[in-house]
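User: Please take a close look at one part of this model, the seven-stranded sheet, and describe what packs on it and what lies around it.

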Amino acid sequence: MKKVYITRKIPEVGINMLKEKGYEIDINPKDRPITKKELIKALKKKPYDAVLTLLTDTIDAEVMNNASTVKIYANFAIGFNNLDIKEAKARSVVVTNTPSGGAERVAEHTWALILALTCRIIEGDLYMRKGKYHGWDPMLLHGDRLEGKTLGIIGTGRIGANVARKGKFGFGMKVIYYDVIRNEKLEAEDSATFCHTVEEVLKISDIVSIHVPLLDSTHHLMNAERLKMMKNTAYLINTSRGPVIDEFALVDALKKGIIKGAGLDVYEFEPKLTKGLAKLSNVVLTPHIASGTMEARLEMARVSAQNIIDCLEGRVPRNNVVI
């Protein structure tokens, strides 16, 4: 009987798919992220064939060395920076992700952050709740119009391209982008303009939205130097991974008015916030919920389970990220 360990409870649809195959399923009973020490202890108890992981789990050489029978780590996430791909490849271990899980919703959430900032939604809501509103005022809480402005996208995969499309056709914005791979489809269908460097995007854009995976090359992609390249009227949005932004530099830039505002769903030291970030009125913060719909979570559960089933039945999983 194949054995599968799940590091935290996921929607039943995925668990049931695995049970229907006759697999023995063990689920971490604690409703919180499992620590690496706890995970290693759990994996030592049985010769597991597969582990269904979450983006909060660190899967590195130490974990893999203590789970020599594991053939696949199926990540319940769009990204996979929590897994050491090099170490997995060296051991011929499969790593998969759920790239379709919530991608459309992340694009929608990105726009929720943009609109919250440019329409000053959070400030307006607080203003009302504090009883400060005493009638219409032509000078009250001016925001920023989007039509005709420039939207800069850094990373035009499924999510970035979706955000760009909404900016072009939903709000009448000019779209520019940078990616390591030129997106000719985005240029042809959405009139997006390719920029040869990140810096070019930053200097031109009124809104910059980041949609890159967390790699060595993207860690602190947005640092103090690059933040200073942005317009002082520009907004920065991040729904990708927290460490692509140097948050100490971001807090400084927001305090000094180097940029006008920021919208964040992910954080460099997640779940902790960088000191000073929560006190700023020109930043909108959400708790890593960009892909958080029931539809998305059900799809992620199904895809994760299917990835495991494919691997254990001798097929190459559709979402294999170890090539």
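Analyst: Two strands are taken to pair here if DSSP finds at least two bridges between them. In this predicted model, strand β6 (residues 150-154) and strand β7 (residues 174-178) pair in the parallel sense over five bridges, and within that pairing Gly152 stands opposite Ile176 of β7. Helix α5 packs on the sheet, where it touches β6, β9 (207-210), β10 (235-238), β11 (261-264) and β12, and its direction makes about 150 degrees with that of β10.

The sheet as a whole is open and has seven strands in the order β8-β7-β6-β9-β10-β11-β12, with parallel pairing. Because β8 (193-194) and β12 stand at the edges with a single partner strand each, one side of each is left without a neighbour in the sheet.

Beside β7 and β8 in the sequence comes helix α8 (residues 184-190), which contains Glu187. Leaving aside neighbours within four places in sequence, Glu187 is in contact with Tyr177, Arg182, Ala192 and Phe194; of these, Arg182 is joined to Glu187 by a polar contact of 2.8 Å between the side chains. The C-alpha atoms of Glu187 and Val175 are separated by 9.2 Å, the two residues being 12 apart along the chain.

Helix α5 and strand β12 also take part in the second largest pocket, whose volume is about 460 Å³. Of the 23 residues that line this pocket, the closest to its centre are Ile122, Glu123, Ser281, Asn282 and Val283. The elements that give two or more residues to the lining are α5 (103-118), α6 (121-129) and β12 (283-285), and the largest share, five residues, comes from α6. By character, the lining residues divide into 12 nonpolar, four polar and seven charged.

For context, the model also holds an open sheet of five strands in the order β2-β1-β3-β4-β5, again with parallel pairing. There, β2 (24-27) and β5 (94-96) stand at the edges with a single partner strand each, so one side of each is left without a neighbour in the sheet; neighbouring strands of this five-stranded sheet are turned by 15 degrees against each other on average, direction ignored. Within it, β1 (residues 3-6) and β3 (residues 50-54) pair in the parallel sense over three bridges, with Leu52 in β3 as the bridge partner of Ile6. Helix α1 (residues 12-20) lies across β1 and β2 and runs at about 150 degrees to β2.

Definitions and conventions:
Residues numbered from 1 in each chain as written. Predicted model: local features only at pLDDT ≥ 70, side-chain atom pairs only at ≥ 80, totals over all residues. Heavy atoms only, no water. Helix = DSSP H or I, 4+ residues; strand = E, 2+ residues; numbered from the N terminus. Contact = heavy atoms within 4.5 Å. Polar contact = N/O pair within 3.5 Å; in protein donor to acceptor, adjacent residues only side chain to side chain. 1 Å grid on protein atoms, 1.4 Å probe; cavity = no way out; pocket = protein on both sides within 12 Å on 5 of 7 lines; lining within 4 Å. Points joined across faces, edges and corners; volume = space filled by probe spheres on them. Nonpolar A, V, L, I, M, F, W, Y, C, P; charged D, E, K, R; others polar. Axes fitted to C-alpha atoms, helices over the stretch in contact; angles between N-to-C directions.
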